[in-house]
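Biologist: I'm new to this one, so could you walk me through it? Let's start with whatever sits around the ligand.

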Amino acid sequence: MELNALSEREFATIRDLLFRETGIALTPAKKALICGRLFKRIQVLGLASYGAYFELLLSGRQPVELQTAIDLLTTNETYFFREAKHFSMLSTVAEAAPRNRTFRVWSAACSTGEEVYTMAMTLAELGRVGRAPNWEIRGSDISTRVLDTARRANYSVDRTHEIPPDFLRRYCLRGFGPYEGSLLIDRALRDKTEFAQINLIEPLPDLVPFDVIFLRNVLIYFDPPVKRKVVGQLLSTLVPGGMLFVGMAESLNGLIDGLISFGPGAYCMERRQ
Ligand SMILES: C[S@@+](CC[C@H](N)C(=O)[O-])C[C@H]1O[C@@H](n2cnc3c(N)ncnc32)[C@H](O)[C@@H]1O
């Protein structure tokens, strides 16, 4: 089997399947990316073509393989302190939050967890100077592979350059011996986080309302109707006055009514009279 032997028909099959399962809209320009991400897997399974693999996915005989395909086809790029302005805004919102209840934050497409632990370090830092409410963070993603990494909270040092030195000292444990070259997020932060698989295009599970939701750098993969549905569902899980953050290049203007913008990617629902 050759790497690029993906026919137009086979491309249409995987495009439709991925859209149905995840809401991700693939354009024809993504053909080479599909080949690159699935080729090895198809070889490992000993199948003769992309078509044979897609038939297996569609047969429903191996639901676990469908999850593997989703894990391979989602783009999971993320890093600590990505679009850092949003974390200073999180800090400001947390500082002003009521103290008589837990301040709850959700990273709704958290990938391998760097976003969640950046939030955790930000809130812990505020707590150090006595200015934070009690807080907890939930992370979710459709990919079980990235969620496993997020739960482990163990990162290669090469991926932690954006963490300020003070935070590295306070919130990360450097690995020794077999763990040399990696670091573990401190248990005190890990204990305040929880991860679960949530597919944003499906009806959401019962959730206690959130003060802040990060939905960053995932809407770019969806078409406008899916974006509207996903954002609409998430807004309904915010407390009144709660904040929604999307990627700084992902505007919600013209997509959803009744949002007030607080700068690139930062929104709050208008309060009804
Ligand atoms: C590029 S990462 C963004 C990570 C992080 N939010 C950030 O900004 O650095 C996009 C994530 O969205 C997830 N994703 C894609 N479709 C999804 C869906 N339908 N439901 C939940 N997560 C989804 C992918 O698995 C991927 O981990």
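Modeller: Sure, and keep in mind that this is a predicted model. The ligand is surrounded by 24 residues. The closest of them are Thr74, Thr78, Ala109, Ser111 and Asn217.

Biologist: How many residues of the shell around the ligand are charged?

Modeller: Let's go class by class. Nonpolar residues account for nine of the shell and polar ones for ten. The charged residues number five.

Biologist: And where does the ligand lie with respect to domain 1 and domain 2?

Modeller: Look at who supplies the shell. Domain 1 covers 8-73 and domain 2 covers 85-269, and both give residues to it. So the ligand lies between the two domains.

Biologist: On to the sheet with S3, S4 and S5: which strands stand at its edges?

Modeller: The three strands make an open, antiparallel sheet, ordered S3-S5-S4. S3 (154-156) and S4 (172-174) each have a single partner strand, so each has one side without a neighbour in the sheet. From one strand to the next, the twist averages 30°. The edge strands, then, are S3 and S4.

Biologist: Which residue in S5 stands opposite Ser156?

Modeller: S3 pairs with S5 (residues 182-185) in the antiparallel sense, over three bridges. Across from Ser156 you'll find Ser182.

Biologist: Last one: is H1 roughly parallel or roughly antiparallel to H3?

Modeller: The axes of H1 (residues 8-22) and H3 (residues 50-59) come within 10 Å and cross at roughly 30°. Angles under 35 degrees count as roughly parallel. The crossing is left-handed. That crossing angle makes H1, relative to H3, roughly parallel.

Terms used
Residues are numbered from 1 along each chain as its sequence is written. This is a predicted model: local features need pLDDT of at least 70, side-chain atom pairs count only at pLDDT 80 or more; totals for chains, interfaces and linings use all residues. Two strands pair if DSSP finds at least two bridges between them. Helices (H or I, at least four residues) and strands (E, at least two) are DSSP runs, numbered from the N terminus. Axes are lines fitted to C-alpha atoms, for helices over the stretch in contact, and angles run from 0 to 180 degrees between N-to-C directions. A residue is near a molecule or strand if its C-beta atom, placed from the backbone, lies within 6 Å of it. Ala, Val, Leu, Ile, Met, Phe, Trp, Tyr, Cys and Pro count as nonpolar, Asp, Glu, Lys and Arg as charged, and the others, Gly among them, as polar. Domain bounds come from an automatic or database domain assignment. Angles under 35 degrees count as roughly parallel, over 145 as roughly antiparallel, 65 to 115 as roughly perpendicular and the rest as oblique. A crossing is left-handed if the near helix is turned anticlockwise from the far one by less than a right angle, and right-handed if clockwise.
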